[in-house]
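The exercises below ask you to work through a structure element by element and residue by residue. Each task is followed by a solution that proceeds in steps.

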Amino acid sequence: MKLMKPRLAIVVAAMLPCLAAAQTGFEGVWSGAMTTPNDEHWKVEDITHCWAGCPLVPYQQLGAMLDDPANDELTWEELEGRYYGSMAQHLRSISTEAGLEILNGSTDANNPSIHCHDYGYMRQSLNPLPMAIINNGDHLTFKYEEWNQERTVYIDGRDFPANMQPSQFGYSIGHMDNGDLVIETRGIAADIYNPFSGGGGYSDQVVGMEHYSLSGNPPVLSVVMTLTDPVTLKEPYRFHKEWLSTPDLVLLEDSCVDVPGEF
Amino acid sequence: MKKTITMLLAAAVSSVASAHHSAAVFYKMDEEITLTGKVTEFRMGNPHLRIYFDRVNEDGETEKWMAEGGSRTVLLRHNWTGNEIKEGDVITMTGNPSRDEDSNIVHVKDIILADGREMFAEDLNPDNAARLLEERRRRD
């Protein structure tokens, strides 16, 4: 066996991390409408109803209503009423009995987020604050400003481990598909949807598929998240969210203060 | 017309903003109140900015109130530092009252600090949404 010359070996060793960390194009700091409300990219429905992600079907229906001149005489309150109506109807139409039970039991009293209980998979993946995507070679780290949390997405071709126990963000495996980043997540602990998405929640049988794509220059990051859950959903439940590239933005330290009971 | 749209969009922006972390309180977004009180506690953390204060009502009685504003890191990017308000400060707040008329809660948007500075205390400005809606309907 022919040994590599020491100098060449050093060069190759130095290159290995770079080779392993092949860029996906999704690396960087990304900010949603709440952080960049004055950017001309955003539409009115983005900064009023989709800054923390929103159910895709009602979002598209609201956009279509706004595009139709026949609705120009409607007040915003009337348009919003129709949006909330379509959102509730959509979730109910795709929910199983168990899903409806969670939906009907969604109240402010059992909203964990007012008691410094950080978000589960769905709420955290679509949270309104900025995030950074960092490439570590065999995995991506999604670093969220919200709750200062991190999520790992393996991109080294591995399979899901056997006997996964449900955890807050589950176990995520990603791959590139024609320039898009597709992430499948399993082993997710049961949690609620964003309350303003109409309430409700999913079981620990849920599977999340996130399809991230890039468009435009400067780039816009879009995701369609599809949840399937044999326990709570009869059909897939899809969410949408967008971020803008904000390379100069620095993630800030988040902190939580429990809400006392007096108010 | 613009004022009406702004008010209605304020409802949209703020109703979801209040649900960012907490749907515990809901506000009458078509009503606005201005309150002056003495601060008893100030918190700029998740779920939202919170100011607890004492207000003397029209009958001369002292009432306990709470004002809720925007998210911590959003406000930090809007030039808040967290040191603007301290216990004992007398401040004036404009915002929307709670739908629960028994609750002394206000969804605060604008604050006049003890030193006279005016601060915007919410996550998103409804004027921006009103502008976007008008542009959308002009179909430029």
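Helices and strands are DSSP runs, with at least four residues for a helix and at least two for a strand, numbered from the N terminus. The model to which this is applied is predicted.

**Exercise 1. Place A:Lys241 in its chain, and determine which groups surround its side chain.**

Step 1. By this assignment A:Lys241 belongs to strand 12 of chain A, and strand 12 covers residues 237-245.

Step 2. The residue is buried, yet A:Lys241 takes part in no salt bridge. A salt bridge requires a side-chain nitrogen of Lys or Arg within 4 Å of a carboxyl oxygen of Asp or Glu, and the nearest side chain of opposite charge, that of A:Glu146, is 8.8 Å away, so the criterion is not met.

Step 3. What the side chain of A:Lys241 does reach is the backbone oxygen of A:Trp51, at 3.1 Å. Leaving out residues up to four places away in sequence, A:Lys241 also touches several others, among them A:Gly32, A:Ala52, A:Asn127, A:Pro128 and A:Ser222.

**Exercise 2. Describe the largest nonpolar core, and state which elements supply it.**

Step 1. Begin with the chain as a whole: chain A has 6 helices and 12 strands, and 49% of its 263 residues count as buried.

Step 2. The largest nonpolar core has 30 residues, and those with the most contacts inside it are A:Met122, A:Phe142, A:Tyr193, A:Tyr212 and A:Leu227. Elements that each supply at least two residues of this core include helix 4 (76-94), helix 5 (97-104), strand 4 (139-144) and strand 7 (180-186) of chain A. The largest share, 4 residues, comes from strand 11 of chain A.

Step 3. A second core of 27 residues is separate from this one and includes A:Ala33, A:Leu74, A:Leu79 and A:Leu129. As background, nonpolar side chains in soluble globular proteins tend to be buried together.

Step 4. To follow one residue of the largest core, take A:Tyr193: beyond its neighbours within four places in sequence, its contacts include A:Leu91, A:Met122, A:Leu227, A:Leu233 and A:Phe239.

**Exercise 3. Is A:Thr24 buried or exposed, and what does A:Thr24 touch?**

Step 1. A:Thr24 lies in the loop between helix 1 (6-20) and strand 1 (28-31) of chain A.

Step 2. The threshold for a buried residue is under 20% relative accessible area; A:Thr24 counts as buried because its relative accessibility is 13%.

Step 3. Not counting residues up to four places away in sequence, A:Thr24 touches A:Asn135, A:Leu140, A:Ile155 and A:Met176. Of these, A:Ile155 is 131 residues away from A:Thr24 in sequence, with the two C-alpha atoms 9.9 Å apart in space.

Step 4. The side chain of A:Thr24 also reaches the backbone nitrogen of A:Phe26, at 3.1 Å.

**Exercise 4. Summarise chain B from its elements, its burial and its contacts.**

Step 1. Chain B has 3 helices and 6 strands, which run α-β-β-β-α-β-β-β-α from the N terminus on.

Step 2. Of the 140 residues of chain B, 57% count as buried. Its accessible surface comes to about 6,200 Å², with 45% belonging to carbon and sulfur atoms.

Step 3. Among contacts in chain B with a separation of 6 or more, residues 24 or more positions apart account for 59%.

**Exercise 5. Work through the salt bridges, both between the chains and within chain B.**

Step 1. The count over all chains comes to 19 salt bridges. One of them pairs A:Asp72 with B:Arg139, the closest N and O atoms being 2.7 Å apart. This pair crosses between chains, from the loop between helix 3 (56-67) and helix 4 of chain A to the segment after helix 3 (126-138) of chain B. A:Asp72 is partly exposed, at 23% relative accessibility, and B:Arg139 is likewise partly exposed, at 34%.

Step 2. Within chain B, B:Lys64 pairs with B:Asp54 at 3.1 Å between the closest N and O atoms. B:Lys64 is in strand 3 (residues 62-68) and B:Asp54 in strand 2 (residues 49-56), 10 residues apart. B:Lys64 is exposed, with a relative accessible area of 52%, whereas B:Asp54 counts as partly exposed at 21%.

Step 3. B:Arg55 forms a salt bridge with B:Glu58, at 3.2 Å between the closest N and O atoms. Here B:Arg55 counts as buried at 14% relative accessibility, while B:Glu58 is exposed at 70%.

Step 4. Finally, salt bridges that share partners join A:Glu45, A:Asp67 and B:Arg136 into one network.

Conventions. Residues are numbered from 1 along each chain as its sequence is written. Chains are lettered from A and ligands numbered from 1 in the order in which they are written. This is a predicted model: local features need pLDDT of at least 70, side-chain atom pairs count only at pLDDT 80 or more; totals for chains, interfaces and linings use all residues. Side-chain values use heavy atoms; hydrogens and water are left out. Buried means under 20% relative accessible area, exposed over 50%, partly exposed in between (1.4 Å probe, protein chains only). A nonpolar core is a set of buried Ala, Val, Leu, Ile, Met, Phe, Trp, Tyr and Cys residues joined through side-chain atoms within 4.5 Å. Contact means heavy atoms within 4.5 Å. A polar contact is a pair of N or O atoms within 3.5 Å; within protein, one must be able to donate a hydrogen and the other to accept it, and residues adjacent in sequence count only if both atoms are side-chain atoms. Lys and Arg count as positive and Asp and Glu as negative; His and the chain ends are not counted. Accessible areas come from the Shrake-Rupley method with a 1.4 Å probe; for residues, only the protein chains shown count as cover.
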